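The following exercises train the reading of a protein model, from single residues to the packing of helices. Each task is followed by a solution in steps.

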Amino acid sequence: MKQARPTIYDVARECGLAASTVSRTFSNPARVSPATRELVQAAADAIGYEPRPLARAEAPGRIRVLTLVVTDISNPYYATVIKAAQSRAIERNFTLALTDSDESARLEANNLRQLLATTSGGILATSRLSDEAVRQIADYRPLVMINRQVEGVPSLVVDTAAGMRKAVRHLAVLGHRRLAYLSGPRNSWINGQRWQAVREEASQLGIEVSFLGPFVPNRKGGEDAADALVLGKVTAAIGYNDLIAIGALQRLRATGVRVPDDLSLIGCDDIFGADLTVPGLTTIAGPADKLGSFAVDVLHARLSGHGDGPGSLTLDSHMVIRGSTGPAGR
């Protein structure tokens with residue numbers, strides 16, 4: 001019978017350390033003491049343990065490549081994040097490797113397993129992975145999250161939930177009392193935050209709010225959302241992102257629904273083109289460029305031994321009011 005290959009858990013038992021410490025020793029040796037490295041290596045040699053390919057990669061502090069994962073590269077929102085991250089990476093003498101997960105947690109995990117074997121660390125933008133999957137990956141390489149919070153992993157978040165509350169109040173002032181939230185993916189952490197903010201603010205103001213979706217967070221998803229809106233009795237809708245709102249706006253206009261005369265519409269992210277729709281899209285904006293540059297700063301600080309950077313940093317959002325919102329029933 002073929003003998004099973006030793007694992008990090010076997011090494012951990014051999015040297016009396018936690019499995020996470022053993023994992024960190026192989027994947028990021030700069031984060032453990034020389035004595036710990038010697039102890040773990042001696043135990044690994046004694047039982048014949050061979051690190052996995054990811055752990056055998058060159059020490060992260062010496063690799064000058066960072067991986068950035070986005071959920072949909074065709075979304076203009078990420079263009080700002082990518083450009084800012086690349087600019088800061090160049091300043092820090094890093095190369096930025098980009099991959100698109102196509103809204104798939106499985107593809108995201110597969111891409112990370114391949115790319116992080118030969119890069120120093122990763123930036124996960126609006127990741128669709130589970131918290132546990134993120135923490136497991138963070139045991140091998142330094143990570144920073146964008147618009148997602150996972151305990152124990154540095155995160156950079158634009159407070160779009162506060163922006164959603166402002167959006168509900170804006171519509172309330174305009175006399176709207178029946179709203180809809182056009183949901184993005186159910187496995188999106190930030191989507192949950194935005195919906196919760198809309199629901200709570202509407203409740204406090206005595207406004208009816210309905211949840212529609214989930215919809216794919218692109219213009220086609222917005223067209224589907226518009227079809228659902230036409231069947232409802234709301235006077236305003238708030239989209240998970242601008243692409244959903246723009247798709248809905250275009251479908252509504254095509255079917256004879258006047259925006260904002262018949263229905264007001266608000267998006268989120270203030271992407272390129274949000275001001276070019278007819279009417280211009282009212283939206284929630286935040287500093288996407290800072291997310292990209294700060295994420296590189298956090299990884300650089302961790303890799304250079306100058307600290308782990310902020311555990312969590314929240315950036316303010318604000319509303320940009322354009323022509324897609326107006327008084328109810330005018």
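## Exercise 1: A residue after the last strands

**Task.** Decide whether Ser-324 is buried or exposed, and describe its surroundings in this predicted model.

**Solution.**

Step 1. The relative accessibility of Ser-324 is 0%. Buried means under 20% relative accessible area, so Ser-324 counts as buried.

Step 2. Ser-324 is placed in the segment that follows β12 (318-320).

Step 3. Neighbours within four places in sequence are set aside. The contacts of Ser-324 are then Val-259, Pro-260, Leu-263, Ser-264, Leu-265, Pro-279, Gly-280, Leu-281 and Thr-282.

Step 4. One polar interaction can be added: the side chain of Ser-324 reaches the backbone oxygen of Leu-265 at 2.6 Å.

Step 5. Pro-279, one of the residues in contact with Ser-324, is joined to Val-278 by a cis peptide bond, with omega about -5°. Pro-279 belongs to the loop between β9 (264-266) and β10 (283-285).

## Exercise 2: A loop residue and its distant partners

**Task.** Determine which residues Gln-149 touches, not counting residues up to four places away in sequence.

**Solution.**

Step 1. Gln-149 is found in the loop between β4 (143-146) and β5 (155-158).

Step 2. With a relative accessibility of 32%, Gln-149 counts as partly exposed, because this class lies between the limits of 20% and 50%.

Step 3. The residues touched by Gln-149 are Asp-131, Ser-155, Val-157, Trp-189, Ser-312 and Thr-314.

Step 4. With Ser-312, the side chain of Gln-149 forms a polar contact of 3.4 Å.

Step 5. Sequence and space can be set side by side: Gln-149 and Leu-313 are 164 residues apart in sequence, while their C-alpha atoms are 9.9 Å apart.

Step 6. For the chain as a whole, 72% of the contacts with a separation of 6 or more are between residues 24 or more positions apart.

## Exercise 3: Three helix pairs

**Task.** For the pairs α1 with α3, α10 with α11, and α5 with α12, state how the helices cross.

**Solution.**

Step 1. Helices α1 (residues 8-15) and α3 (residues 34-47) pack with their axes 9 Å apart, at an angle of about 115°. The two helices are therefore roughly perpendicular. Their crossing is right-handed.

Step 2. Asp-10, Val-11, Glu-14 and Cys-15 of α1 meet Leu-39, Val-40, Ala-43, Ala-44, Ala-46 and Ile-47 of α3. Sorted by class, the residues of this contact are eight nonpolar, no polar and two charged.

Step 3. The axes of α10 (residues 219-231) and α11 (residues 242-254) come within 6 Å and cross at roughly 55°. This pair is therefore oblique, and its crossing is right-handed.

Step 4. From α10, the contact includes Gly-222, Ala-226 and Val-230, and from α11 it includes Ile-244, Gly-247 and Ala-248. Its residues divide into eight nonpolar, three polar and four charged.

Step 5. For α5 (residues 76-91) and α12 (residues 288-303), the axes come within 7 Å and the crossing angle is roughly 35°. The crossing of α5 and α12 is right-handed.

Step 6. Among the residues that make this contact are Tyr-77, Ala-84 and Arg-88 of α5, together with Leu-291, Val-296 and Asp-297 of α12. The contact of α5 with α12 has eight nonpolar, three polar and three charged residues.

## Exercise 4: Backbone geometry in loops

**Task.** Describe the backbone at Glu-103, Thr-126 and Pro-214, and place each residue.

**Solution.**

Step 1. Glu-103 is not a glycine, and its phi is positive, near 65°. Its place is in the loop between β2 (95-100) and α6 (105-115). At 24% relative accessibility, Glu-103 counts as partly exposed.

Step 2. Thr-126 is likewise a residue other than glycine with a positive phi, near 50°. Thr-126 lies in the loop between β3 (121-125) and α7 (131-138). Its relative accessible area is 6%, so Thr-126 is buried.

Step 3. Pro-214 is joined to Gly-213 by a cis peptide bond, with omega about 10°. The loop that holds Pro-214 runs between β7 (208-212) and α10.

## Exercise 5: The whole chain

**Task.** How many helices and strands does the chain have, and what share of its residues is buried?

**Solution.**

Step 1. The chain has 12 helices and 12 strands.

Step 2. Of its 330 residues, 52% are buried.

Step 3. Along the principal axes, the C-alpha atoms fill a box of roughly 80 × 45 × 35 Å.

Definitions and conventions
Residues are numbered from 1 along each chain as its sequence is written. This is a predicted model: local features need pLDDT of at least 70, side-chain atom pairs count only at pLDDT 80 or more; totals for chains, interfaces and linings use all residues. Side-chain values use heavy atoms; hydrogens and water are left out. Helices (H or I, at least four residues) and strands (E, at least two) are DSSP runs, numbered from the N terminus. Buried means under 20% relative accessible area, exposed over 50%, partly exposed in between (1.4 Å probe, protein chains only). A polar contact is a pair of N or O atoms within 3.5 Å; within protein, one must be able to donate a hydrogen and the other to accept it, and residues adjacent in sequence count only if both atoms are side-chain atoms. Contact means heavy atoms within 4.5 Å. Axes are lines fitted to C-alpha atoms, for helices over the stretch in contact, and angles run from 0 to 180 degrees between N-to-C directions. Angles under 35 degrees count as roughly parallel, over 145 as roughly antiparallel, 65 to 115 as roughly perpendicular and the rest as oblique. A crossing is left-handed if the near helix is turned anticlockwise from the far one by less than a right angle, and right-handed if clockwise. Ala, Val, Leu, Ile, Met, Phe, Trp, Tyr, Cys and Pro count as nonpolar, Asp, Glu, Lys and Arg as charged, and the others, Gly among them, as polar.
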